[in-house]
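Colleague: Could you take a close look at one part of this model for me? I'd like to hear about the charged pairs and what surrounds them.

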Amino acid sequence: MIAHLNGTVAGVGLDGAVIEVGGVGLRVQCTPDTLARLKPGEQALVATSLVVREDSLTLFGFANDDERNVFELLQTASGVGPRLALAMVAVHSPDALRRAVAAEDVRALTMVPGIGNKVAQRIILELKDRLGAPSDPGPGLGAAPSRRAAPSWRDQVMTGLVNLGWSARDADAAVAAVEAEATDGQAPDVATALRAALRKLSKS
C-alpha cells in the first residue's frame, strides 16, 4: 500500500493533482479541501489510499491520515465505493461523519450526492460501532455537519460532479445554472449546490 506521497506538486487539476516523487509524476484524486492546499512547484505531503481494480490502479489523496482512514472504512459498508466515499469526505469532515453516524442522522448523510435514505441507513447500521468517537464535540445535532466552502463553493461543486462521473463541461454548465439562481448574490451551501446541480444534470 502507498500510505503517503512526499514530493513536489507538478500540477493541480479539477479533481486531482500530480505529485512528482523521485522523478515520477503520480496522479492522485483529491477532495477540494486537499486540492486547495496544493500549490504547483511547492513541496507537499499527502496521505494516500491505493484502490486496485482489474483494469486500473487509482491513488486517492487526503489532507491527513484521519481522512484517509475514514475513506477506507466507509468503503467497507455495502454499496459504498471509492468515488462515493470520496464524495462523503469532500462534503463532511471525518468528525462530522462520526457525529452523523452516531446520531443516526440520515438527513446529514443524504446531503452527499449519490446517497439516498437506504444507503444512509445501511452506513449507519454497518459503521456505527466502527467509526469511533469524534475528536471534538462539534455542533449540536440540529446543525448540518458540512464543511465550509473553501476554496470556493463553485470549485467544490465542480470537483464533486467530476468525481461522480460527469464531464467537466457538463459540470461547469450545471454550476453556472445553479450560480445564476443564487439569491441576493449569496454563496450557496456546498452540499445544497451539489444537489441542485445534480438535479439539473439529471434533467438534461
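**Salt bridges, with some context**

Modeller: Sure, let's start with Lys-200, which is partly exposed at a relative accessible area of 26%. Keep in mind that this is a predicted model. The side chain of Lys-200 meets that of Glu-181 in a salt bridge, at 2.7 Å from N to O. That pair links distant parts of the chain, with Glu-181 in helix α8 (residues 168-181) and Lys-200 in helix α9 (residues 190-203), 19 residues apart. Glu-181 is the exposed partner, with a relative accessible area of 54%.

Why can such pairs form at all? Side chains of opposite charge can pair when their charged atoms come close. The count for the model comes to five salt bridges.

Now over to helix α2 (residues 65-74), which has the highest mean pLDDT among the elements of the chain, 95. Arg-68 forms a salt bridge with Asp-65 there, and their closest N and O atoms are 3.2 Å apart. These two sit three residues apart in helix α2, so about one helical turn separates them. Arg-68 counts as buried, at 8% relative accessibility, while Asp-65 is partly exposed at 44%.

Asp-66 goes elsewhere for a partner: its side chain meets that of Arg-98 in a salt bridge (2.6 Å, N to O). Because Asp-66 lies in helix α2 and Arg-98 in helix α4 (residues 94-102), the pair ties together parts that are 32 residues apart in sequence. On the burial side, Asp-66 is partly exposed with a relative accessible area of 29%, and Arg-98 counts as buried at 10%.

As for the nonpolar surroundings, the largest core has 46 residues, and those touching the most other members are Leu-74, Leu-109, Ile-123, Val-157 and Leu-161. Apart from that core lies another one of 11 residues, including Val-9, Cys-30, Val-46 and Leu-59. Leaving out residues up to four places away in sequence, Val-157 touches Val-175, Val-190, Ala-193, Leu-194 and Ala-197.

A word on confidence before you lean on any of this. The chain has a mean pLDDT of 83, and 88% of its residues reach 70 or more. Helix α7 (residues 153-163) has the lowest mean pLDDT among the elements, 75. Over residues 139-151 pLDDT stays under 50, though the model has 31 contacts beyond four places in sequence for them. Where pLDDT is low, the predicted coordinates should not be read in detail.

Methods
Residues numbered from 1 in each chain as written. Predicted model: local features only at pLDDT ≥ 70, side-chain atom pairs only at ≥ 80, totals over all residues. Heavy atoms only, no water. pLDDT = per-residue confidence, 0-100. Helix = DSSP H or I, 4+ residues; strand = E, 2+ residues; numbered from the N terminus. Contact = heavy atoms within 4.5 Å. Core = buried A, V, L, I, M, F, W, Y, C linked by side-chain atoms within 4.5 Å. Buried < 20%, exposed > 50% of the residue type's maximum accessible area, 1.4 Å probe, protein only. Salt bridge = Lys/Arg side-chain N within 4 Å of Asp/Glu carboxyl O.
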